[in-house]
Each structure stands twice: as C-alpha cells, then as structure tokens.
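This report introduces a structure to a reader who has not met it before. It takes the parts in turn and ends with the contact between the chains.

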Amino acid sequence: MRHEIRFSGYGGQGVLLSAVILGRAAALYDDKYAVQTQVYGPEARGGASMGQVVIDDEPILYPEVTEPDIFVIMSQQGFEKYGIRAGKDAVMLLDADLVRSRPDCRYYEIPATSEAKGTLGREIVANIVMIGALVTATGVVSREAIERAVLDSVPKGTEELNVKALKRGFELGERA
Amino acid sequence: MQGNAACAEGALAAGCRFFGGYPITPSTEIAEAMARRLPKAGGVFISMEDELASIAAVIGAAWTGTRAMTATSGPGFSLMMENIGYAAMTETPCVIVNIQRGGPSTGQPTRAAQGDMLQCRFGSHGDYSTIALTPNSVQEMFDLTAKAFDLADRYRVPTFVMSDEIVGHMRERVTIPDAVEAGRPRPLAEGALPFEGGDDGIPGFAPFGSGRAVHVSGLTHDERGYPDTTDPEAHDRLVRRLVAKVESARRDIADYEAVNPDAETVFVTYGPPSRTVEQVMRDRPDESIGHLRLRVVWPFPEFALKVFPNARTFLMPELNMGQMVREVQRHVDQPVISIPKIGGELHTPTELVRALEAYR
C-alpha cells in the first residue's frame, strides 16, 4: 500500500533528516520501496521547511507526494503552510508544544520537544522522538528498521541519546 | 541515496578520475561528492573560477587519457557552450552533467525543468552531433552516468547526462554493481592519422603522453590535425564525419522502453514525466495506451516511433514549453500533442489522465 508522509517544522529542527531516516528505514531495512523528496528553498533556518517520503510495497512510479495520508508537524508555521489542507482521512502527529492549531483529521499530540528538553536533556533530539511516535502510531515501518536507520544517520557519540529518544517516542506513539 | 550522489558514484565506478567544476544549484552535491571522493581514489578535483574554465579543464584532462567530467545547471551550462563545441570539434571524450533548473537566465535555481534539451544538441555554434542521456530515477543516475563515459569514449564525443532537479535531489534505493564495464577509446593504430575516421568515422585516440605527437585544434583541420581553414572540401569532410559518426550509430546508441506496441495513443517521454505516465498506466491498464520512454534522446532514435504502427496520436509531456516534441513531429505523420509544464513541478497523474481524455 502506498503511504505519503509529509514532515514540516522550522529549519534547524531536523525535519528533512527525519524524512531521510524514514525513507532509509523503509528502503534499506524493511524491504519496501521509498522515494524521499523535499522543498529546496531559502528556508535553511527559521522558516517552514518540508520533507516528504513515499513508501510502498511495490516500485514507486510517480515520485511526488500529492495527498499525504500521514503528517508530522513540528511548528505552527509548518502547520499553516503544509498541514492545514490535510485530507479528512489523514493522520497527523503534531508537537503539542509548538503547534497551536488542530486539523480536521485525526491527530495525535506528541510532546516531542518538551520530552527532548526535559526527560532527555537535549532539545535537538525532538525530531527523533517524533519519528519514534510516528512508527508506533502508524506502523508505516518496523521498529527494528527505524532504529537501524537512526543509527546510520546520527553523528558518532550520540547513538545512545538518539536510541533513547527513539524509544521514548515509541512509548508516546503507543499511548497516542 | 540522493540522485546527485548516485551520479557521482556512477562516475567513480566508471573510472572517472577528474572533475573540474563550479558549483551551482541544483547540481552542487555532485561536485561536493567528487571533491570528497576523488582525492582518495587517486583522482583530481578542481574547483575552477567559472564554467568556461571548468569545461576547458575537463577537455584538457580528457586529453591526458583520464576519464573526466563536470556538472552544472542553467547559467553554467550556457557558459560552457563555446568549449562544448571545441570538445565536439576536437573529438574529446568527456561527460557533462546538467541538473536542469528553470530558465531562462538564473530563473528558478531550486526547481526542475527540461528546458535545455535543444541547447545540449544545438547550443554551440556550427554543425556537430552529441549524445544525451535522460535518467528518470536515482538508479538511472548511477547507471546512465557510468554509461555516458563509455559512449563518450566509444564515439569520442562530449556526452551529456540531461537530468533535472527532481531526479538530482530525490532519494531512492540504489543497487551499485560490483564492477561497471569501463571500455576505453580505441587506441590510435600504428601508421594511422589522429583525425582519420576509418570505417565508422571514429579516429583512434592518442592522448598526450601516449608517445604520439598529436596536434589538437578547434580550427577546421585535416586528418593530421593541422589547420586547413579555407579548403571547402576539408571542412565538408571533417564536419560531415563529426555528425555522421554519431548519427549513423544511433541504433547502437539508442536506449528506450516501448510498452503496448499496438496502442493507438502513445505517450513519448524522457526523464521524470515518464514516471507520471507509468503511474497512469499502472492505475488504469489499457492496451490502447502506449508509452515510449527514451533514455537516450540524442541522437534521436526516430525508428523507435515506428514500434507503434497503430498509433493515431502521440502525446508528449515535457517540463518545458515543447522542445523534443518538434523532433517527434518531424518524424511521424500523426498528430503529436505537446503537454508542456513549466514552473518546476512534475505533471501529476491527474493532469495526464485529463490530457489522455482530451486527445485520444
């Protein structure tokens, strides 16, 4: 089945990396197909950045995302620019501390940033908490695959912190 | 892996050991990857002062017998035009990757286009012929970049990988083979002249340092390579050979996929719009709809259009205002409908279904 996942947040949060990690988990470790694309623009830091992934069991032909069924939104501006038109059947995970609005579709409030800052002590892993929650809330890739993809993608020396963040995300996603 | 990274990997696997370039969006990741990888592979990466110098450095490196490339986009590609003609005239095997973006001028640096498809064939002055490949996936960025080096060597012609921002920046799974076939130009035979074409019009190659003295000139030259700029026959003989060595080999160079040969309505595509057509055809299986997908657009394989004897209409979605459509039109009697799209986004399946309903 084809899934279209869209990530948005503000530049610097790592939402593009989240999209790359998810695609990597699907394509390299879950034996699925994945295409990752993103909006390239002058949004490097501060503006609304957006990355997206198509995941499918069969080869992906049309590579772009047209109607995401899963959204991960980590900023109010990101919601307004890339989340507001979410279809009724979509699912949205949003960082409850950073996004004021709520969509018309089903949504889960994930306190990723406050968990990262408080429980884990490093705000920078909020995107990894969010990925963990995404995986348990939607099952779009397996836990094993996402863990391997996270370990592939994070800087040396930060593995333990990131795995902890991912597992905290798993718990938050299960509860959601 | 990203498309641009796969392009660099394909080049390295094919034995490319020289990159001369000037970074430009959306091709920059190719230069970055080559800058990281080439020194470790015993190669040379030079960040040149501009694109004129970049292609000149590539031509110089190629004449030392090294597989050499550059990568650019839009304005950079325009700046390379003069020396691309020099490469064609001097029969220099080299690879030029163009990650096309919206133009004209600086246009849309971060958006995709296929606006340089005629420029890569006709952009430099005078008559000549080139080879151009059009990948539609990250895997093909690897495969076709590697292949471009072989074609450049075999035909001794500047060879283009005409990709775009969509394929350059997307990430997909890539399977990298253990080894890539890497032929080299036929060496210059004992007693043969360095610009003597032989049966297939392709001279043997004696790079600098190979022990043969070769004079290389952009001026019209004789078989020895010596300028002969006033004799009409010398010019006629040389330029006709430069064109014929590529055009007469177009069946060997051709690379295309033809689906549903009995179809009445046939999409003709290259690069990313092919993926939208494939999606439409998967979503609504219908043998009356065909698809010709070109991986090589130049030299243009006009014979591939004859694969569809029942065709009544050809539809041609391109990310430009209609460029290759003219080439298709001049080879068939049936109507050829252009489905142009500019602005940087790929045709959606819905748009092509609409076109199909309007024109079939």
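Across helix H11 (residues 273-283) of chain B run the contacts with four strands of the same chain: S9, S10 (265-270), S11 (289-294) and S13. The helix makes an angle of about 145 degrees with S10(B). The model is predicted. For the complex, the predictor reports an ipTM of 0.93 and a pTM of 0.96. Chain B has a mean pLDDT of 97, with 100% of its residues at 70 or more.

**The sheet in chain B**

The strands that H11(B) lies across belong to an open sheet of five strands, ordered S9-S11-S10-S13-S14 in chain B, with mixed pairing. Strands S9 (256-259) and S14 (336-340) of chain B are at the edges; each has a single partner strand, so one side of each has no neighbour in the sheet. From one strand to the next, the twist averages 20 degrees.

Strand S13 (residues 313-318) of chain B pairs with S14(B) in the parallel sense, over five bridges. In this part of the sheet, Glu318(B) is opposite Pro340(B) of S14(B).

A second helix, H13 (residues 349-359) of chain B, lies across S10, S11, S13 and S14 of chain B. Its direction is at about 155 degrees to S13(B).

**Two domains in chain B**

How does the domain assignment divide chain B? The assignment gives domain 1 as residues 1-253 and domain 2 as residues 256-359. The C-alpha centres of domain 1 and domain 2 of chain B are 27 Å apart. Their contact takes 27 residues from domain 1 of chain B and 21 residues from domain 2 of chain B.

On the domain 1 side of this contact, the elements that give two or more residues are strands S5 (108-112) and S6 (131-133), together with helices H6 (119-122), H8 (165-169), H9 (232-247) and H10 (250-253), of chain B. By class, that side has 13 nonpolar, eight polar and six charged residues.

**Chain A**

Chain A contains six helices and six strands. Along the sequence their pattern is β-α-β-β-β-α-β-β-α-α-α-α. The radius of gyration of chain A is 14 Å, close to the 16 Å that the globule rule gives for 176 residues, so chain A is as compact as a globular protein of that length. The C-alpha trace of chain A spans about 40 × 35 × 35 Å along its principal axes.

**Where the chains meet**

Which elements of chain A each supply at least two residues of the side that touches chain B? The contact as a whole takes 15 residues from chain A and 15 residues from chain B. Helix H1 (15-29) and strand S2 (33-38) of chain A each supply at least two residues of the chain A side. By class, the chain A side has nine nonpolar, five polar and one charged residues.

Strand S2(A) has bridges within chain A and also to chain B, as the table shows.

| Strand paired with S2(A) | Bridges | Sense | Residues opposite each other |
|---|---|---|---|
| S3 (residues 48-56) of chain A | six | antiparallel | Tyr33(A) and Asp56(A) |
| S8 (residues 171-172) of chain B | two | antiparallel | Val35(A) and Glu172(B) |

Strands of a sheet pair through hydrogen bonds of the backbone, in parallel or antiparallel fashion. The pairing of S2(A) with S8(B) is antiparallel, whereas S13(B) and S14(B) pair in the parallel sense.

Technical notes. Residues numbered from 1 in each chain as written. Chains lettered and ligands numbered in written order. Predicted model: local features only at pLDDT ≥ 70, side-chain atom pairs only at ≥ 80, totals over all residues. Pairing = 2+ DSSP bridges. Axes fitted to C-alpha atoms, helices over the stretch in contact; angles between N-to-C directions. Contact = placed C-beta atoms within 7 Å. pLDDT = per-residue confidence, 0-100. Nonpolar A, V, L, I, M, F, W, Y, C, P; charged D, E, K, R; others polar. Domains from an automatic or database assignment. Rg over C-alpha atoms; globule rule 2.2 N^0.38 Å.
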